[in-house]
Every structure is written in structure tokens, then in C-alpha cells.
Amino acid sequence: MTSSQSRPQPHTQLPDADTNMVTTALPNELLDLLTRYLRQQVTTPITLESHQLAYRWVGGSKGHLEPIDAHLSLSLDDLLGIDTQKAKLVQNTRQFLAGYPANHVLMTGTRGAGKSSLVRALLNEFHDEGLRIIEIARDDLAVLDQIRSAIKQLPTDSPCRYIVYCDDLAFNAQDESYRSLKSVLDGALDSEQDKLLVYATSNRRHLLPQLMKDNVSIYDGQTDEVNPYETIDETVSLSDRFGLWLSFYPMDQNTYLSIAEHYITAENIPWDEQVRHQALQWASNRGGRSGRVAYQFSRHWVGLQYWQQSKLQ
């Protein structure tokens with residue numbers, strides 16, 4: 001059999017103009033499901049608009065940047081009791097916006113001390129100078145490379161500089177997503193960028209868990225690793241890539257009361273011994289003093305006074 005006999009010749013039959021075509025209409029519910037499925041499978045290109053002050057990544061690995069209607073009501077002057085941390089963060093941000101070298105920042109310490117509030121206040125203070133925020137959750141860190149590429153594609157004369165903000169950052173021993181963050185911070189060949197910094201907050205300084213049993217195994221010679229100290233090095237390597245560490249500590253009573261008084265008097269409501277006593281009682285019921293607790297008490301007290309006044313009218 002010849003080769004021409006062994007292979008069928010290609011043949012295409014075009015439908016006649018008079019051929020009746022059979023079409024079937026799909027239900028709307030099925031069309032909606034198909035549309036959602038296809039959208040999840042397609043990676044949406046990331047675009048950054050200079051007029052948009054803040055974005056949040058939503059939708060996981062196939063997600064997108066969603067514009068945030070940022071509220072510019074919190075100022076740096078509203079954040080009391082953290083003057084040292086505030087001054088260092090502001091200076092680092094000023095250098096970044098001016099195009100000078102600046103560091104990635106890791107803010108750690110007690111909860112409710114003002115770590116997240118500082119980032120929001122920075123946007124209020126410096127948005128006119130080109131500061132923009134991209135908020136990303138810990139579970140979505142794998143998309144950091146996409147965000148970094150989108151920022152690199154900005155025009156060279158773009159006045160915007162982006163802080164990628166990750167709140168409550170921490171990892172467990174089995175979590176591998178931290179490696180994406182390590183690459184962006186310092187490790188990839190193109191990790192140095194003049195339009196991107198990472199600001200992260202965490203209650204854990206080293207971000208990865210440090211287990212006592214690891215140290216005990218090393219000291220007792222019970223570990224199977226040839227170089228056991230490399231395990232410890234791995235747990236601290238991520239936090240080491242943040243150039244600026246800011247620690248936040250529990251606040252004393254006077255600082256707590258000063259914060260509560262600041263927010264209450266800003267609403268033209270008097271601060272007296274009764275309010276002071278109520279503020280201390282509020283902190284006692286909450287089990288601790290912090291800027292967050294003081295702010296929450298002020299909202300309670302201010303709202304209560306307004307409500308009572310409305311009942312008298």
C-alpha cells in the first residue's frame with residue numbers, strides 16, 4: 001500500500017445555504033454558571049489607575065484588584081502613645097515617596113496598639129503626594145508577582161508609589177505561601193523596585209512559629225537533620241527581609257485615658273471624672289488597655305450622649 005493510499009485525503013464539506021441549522025437555547029441559570037466558571041479560569045489583567053487611592057485583592061489566585069472607597073478621616077495626630085514608631089514610619093514613607101531608598105516595614109506587637117491605623121493614617125497624610133495602598137490577605141500572597149509586574153509597567157513619570165499592605169501576617173509550619181513574600185521582599189533578581197514597598201503587621205515577630213522542641217532536639221542530639229540550625233534560620237529569614245522593624249507594646253493607664261479623651265473631646269463632649277471612671281471600667285471589662293479599646297469606648301460614650309440628647313428634644 002502506497003503512502004497516498006494509507007492516509008485519507010482531507011475533505012471539508014461546507015453546509016449549503018439551504019441547510020437547516022438546529023439550535024438549542026440554554027437555560028439562563030446554566031449560562032450564568034458557565035459565565036462564572038469561565039471568569040474563574042481566566043486571569044484578569046491587573047490595571048492600576050492613578051486616581052484610585054486604594055485597592056484590595058479579592059477572589060483568590062484567579063481574583064482581581066477591587067477598588068476601595070478609602071475613608072480619609074483618620075489622621076496621624078489622632079494616634080497617640082506611639083510617637084517613636086510613628087516618626088520612623090513617616091520618615092521611611094517620606095523617603096519612599098521622594099524616590100530615595102526606603103525599607104519594607106514589619107510592625108509587630110500587642111493587638112490594638114495602632115499598627116493598622118498607622119497605615120490608614122499614612123494614606124490620609126500622603127495621598128496627595130502619590131501614595132497608594134494595595135491590601136492583600138496572607139492567603140493571597142501567591143499573586144504578589146502579578147501585582148509587582150503591574151507596578152513595573154507603570155509609566156516612568158507616574159507620580160504614584162504603592163505600598164502593598166498585609167494585615168495580621170503569620171504562617172504555620174506547613175504554609176508555603178510565605179516564600180512568595182520572601183521573593184518580593186529580597187531574593188528575586190528584580191526585587192528592588194522604587195515604586196513598591198511592603199508594609200505588614202503581625203502579633204508574631206518572626207512570622208513563622210518557633211517551637212521549643214526544635215531547640216531541645218538540637219541540644220539533645222535527637223534531630224535527624226544534618227544541619228539542624230538551618231531550621232531555625234528558616235524561621236527568622238522572612239522577618240529579616242523587612243528592613244525596618246517597629247515594635248508596639250501594651251500601653252499604660254495614662255496613655256489609654258489620653259486617647260479616649262482625645263476622641264471624646266473632638267466631638268465637643270466634655271471629659272470629666274465620670275467619663276474617666278467609665279473609661280477605666282470599660283477597659284477592665286475588656287481585659288486590657290489599648291488604643292483600639294480607647295477608641296471603642298469613645299464611640300460608645302459619644303453615641304450614648306447623642307442618643308440621650310435626642311430623647312430630650
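**Helix crossings, ring pairs and exposure**

Biologist: The axes of H9 and helix H10 (residues 273–286) come within 10 Å and cross at roughly 120°. Why is H9 called oblique to H10?

Modeller: Angles under 35 degrees count as roughly parallel, over 145 as roughly antiparallel, 65 to 115 as roughly perpendicular and the rest as oblique. The angle of roughly 120° belongs to none of the named ranges, so H9 is oblique to H10. The axes are lines fitted to C-alpha atoms over the stretch in contact, and the angle runs from 0 to 180 degrees between N-to-C directions.

Biologist: How do you know what a helix is here, and how far the local features can be trusted?

Modeller: Helices (H or I, at least four residues) and strands (E, at least two) are DSSP runs numbered from the N terminus, and the chain comes to 11 helices and 7 strands. This is a predicted model, in which local features need pLDDT of at least 70 and side-chain atom pairs count only at pLDDT 80 or more, while totals for chains, interfaces and linings use all residues. Residues are numbered from 1 along each chain as its sequence is written, and side-chain values use heavy atoms, with hydrogens and water left out.

Biologist: Which residues of H9 and H10 meet, and what is the hand of the crossing?

Modeller: With contact meaning heavy atoms within 4.5 Å, Gln-253, Tyr-256, Leu-257 and Ile-264 of H9 meet Val-275, Arg-276, Ala-279, Leu-280, Trp-282 and Ala-283 of H10. H9 passes H10 in a right-handed crossing, a term for a near helix turned clockwise from the far one by less than a right angle, anticlockwise being left-handed.

Biologist: What makes H3 and H4 oblique to each other?

Modeller: The axes of helix H3 (residues 83–97) and H4 come within 11 Å and cross at roughly 45°, and that angle too lies outside the three named ranges, so the two helices are oblique to each other. The contact is made by Lys-86, Leu-89, Val-90, Thr-93, Arg-94 and Leu-97 of H3 and by Leu-118, Leu-122 and Phe-126 of H4.

Biologist: How many aromatic pairs does a search of the whole structure find, and why is the pair of Tyr-263 and Tyr-295 called edge-to-face?

Modeller: The search finds 3 aromatic pairs, where rings of Phe, Tyr and Trp (its six-membered ring) pair if their centres lie within 6.5 Å, with planes under 30 degrees apart counted as stacked, over 60 as edge-to-face and the rest as tilted. For Tyr-263 and Tyr-295 the centres are 5.0 Å apart and the planes stand at 70°, so the pair is edge-to-face. The pair links distant parts of the chain, since Tyr-263 is in helix H9 (residues 253–265) and Tyr-295 in helix H11 (residues 291–312), 32 residues apart. Elsewhere, ring pairs link Trp-282, Phe-297 and Trp-301 into a cluster.

Biologist: What makes Tyr-263 buried and Tyr-295 partly exposed?

Modeller: Buried means under 20% relative accessible area, exposed over 50% and partly exposed in between (1.4 Å probe, protein chains only). Tyr-263, at 15%, therefore counts as buried, whereas Tyr-295, at 35%, is partly exposed. Both tyrosines also take part in the contact of H9 with H11, whose axes come within 8 Å and cross at roughly 35°.

Biologist: How do you know that Asn-254 and Asn-268 are exposed, and where are they found?

Modeller: Asn-254, in helix H9, has 54% relative accessibility and so counts as exposed. Its C-alpha is 9.6 Å from that of Gly-81, although the two are 173 residues apart in sequence. Asn-268, in the loop between H9 and H10, reaches 73% and is therefore exposed; its phi is near 60°, a positive value in a residue other than glycine.

Biologist: Why is Thr-110 called partly exposed, and what does Thr-110 touch?

Modeller: Thr-110, in the loop between strand E3 (105–109) and helix H4 (115–126), has a relative accessible area of 26%, so it is partly exposed. Not counting residues up to four places away in sequence, Thr-110 touches Lys-115, Asn-203, Phe-248, Tyr-249 and Pro-250.
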